[in-house]
Amino acid sequence: MIITPLRPERIGDVLRLMELGDPYISARTLSDYWLYATLFSSTCPIAVEDDDTVAGAVIAFRSQDDPADIYVQDVMTHPQHRRRGITRALLESVRSQAETWGCQRLYLTSEPENEAAHTSWTALGFENVPGDHEVNGVSVISDFKGPGRSRAVYQLTLG
Ligand SMILES: CC(C)(COP(=O)(O)OP(=O)(O)OC[C@H]1O[C@@H](n2cnc3c(N)ncnc32)[C@H](O)[C@@H]1OP(=O)(O)O)[C@@H](O)C(=O)NCCC(=O)NCCS
């Protein structure tokens with residue numbers, strides 16, 4: 001397995017991978033993936049297996065409003081390849097790029113019911129940012145992504 005930046009020729013593979021992420025991941029459009037592959041590839045690594053299939057992908061961006069921040073939008077490992085360290089390796093790649101740029105924080109959100117995600121972020125050193133209420137022991141910030149769109153927020157401080 002290798003970790004490599006998303007390239008335009010892989011966007012169909014990544015879209016098909018993301019289609020397997022229901023209910024927590026929704027595939028975006030080919031135009032979106034083209035954008036990620038063309039403008040943001042250094043923070044959008046994919047995991048490619050020896051048989052050339054794409055087993056995992058992370059879509060992340062450096063903030064233009066606060067360049068010390070990297071926001072991780074989507075994390076997905078193929079259902080047949082989970083618990084093999086693919087997310088660990090993909091996020092390590094983003095972290096390495098972030099440190100090269102001198103960024104101070106990786107952060108992401110997930111839905112509080114997503115136990116595998118919560119366990120993963122915690123295992124990978126992310127802190128569940130204190131919110132205003134808890135769901136199943138997960139701290140949640142109300143309306144974080146707009147009205148009715150509460151999210152658990154996680155961050156990894158760098159440097
Ligand atoms: C959450 C998800 C991305 C984790 O990917 P993964 O490649 O399986 O994660 P890794 O193998 O790198 O796991 C890293 C650590 O997280 C923890 N972990 C990951 N999945 C776990 C699970 N289902 N249960 C318990 N712990 C888990 C473990 O501690 C693991 O380390 P270990 O295997 O050495 O013990 C994957 O389950 C997935 O794609 N889910 C569907 C999409 C999704 O929900 N994405 C996140 C949306 S915000």
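**Polar contacts of the ligand**

In this predicted model, a polar backbone atom of Arg84 is 3.2 Å from an oxygen atom of the ligand. Arg83 also has a polar backbone atom at such a contact, 2.8 Å from an oxygen atom of the ligand. From Thr87 the contact comes from the side chain: one of its polar atoms lies 2.7 Å from a ligand oxygen atom.

On its own the ligand has 910 Å² of accessible area, and the protein covers 79% of it.

**The pocket and its shell**

The ligand takes up the space of the largest pocket. Four elements each give two or more residues to the shell around the ligand: strand S4 (69-77), helix H3 (86-101), strand S5 (105-110) and helix H4 (115-123). Of these, H4 gives the most, with six residues.

In total, 21 residues surround the ligand, and the closest of them are Val75, Thr77, Gly85, Thr87 and Asn114. By residue class, the shell holds nine nonpolar, eight polar and four charged residues.

**Position between the domains**

Both domain 1 (1-103) and domain 2 (108-159) give residues to the shell, and the ligand therefore lies between the two domains.

**Backbone features**

Most peptide bonds are trans, and most residues other than glycine have a negative phi. Two places in the model depart from this pattern, each in a loop.

The peptide bond that runs from Asp22 to Pro23 is cis, and its omega is near 10 degrees. Pro23 is placed in the loop that joins helix H1 (11-18) and helix H2 (30-39). The other place is Asp52, a residue other than glycine with a positive phi, near 75 degrees. Asp52 is in the loop between strand S2 (45-48) and strand S3 (54-62).

Definitions and conventions:
Residues are numbered from 1 along each chain as its sequence is written. This is a predicted model: local features need pLDDT of at least 70, side-chain atom pairs count only at pLDDT 80 or more; totals for chains, interfaces and linings use all residues. Side-chain values use heavy atoms; hydrogens and water are left out. A residue is near a molecule or strand if one of its heavy atoms lies within 4 Å of it. A polar contact is a pair of N or O atoms within 3.5 Å; within protein, one must be able to donate a hydrogen and the other to accept it, and residues adjacent in sequence count only if both atoms are side-chain atoms. Accessible areas come from the Shrake-Rupley method with a 1.4 Å probe; for residues, only the protein chains shown count as cover. On a 1 Å grid over the protein atoms alone, a cavity is a set of points where a 1.4 Å probe fits but cannot get out, and a pocket is an open set with protein on both sides within 12 Å along at least five of seven lines; lining residues have an atom within 4 Å of a point. A molecule sits in a cavity or pocket if more than half of its atoms lie within 2 Å of its grid points. Ala, Val, Leu, Ile, Met, Phe, Trp, Tyr, Cys and Pro count as nonpolar, Asp, Glu, Lys and Arg as charged, and the others, Gly among them, as polar. Domain bounds come from an automatic or database domain assignment.
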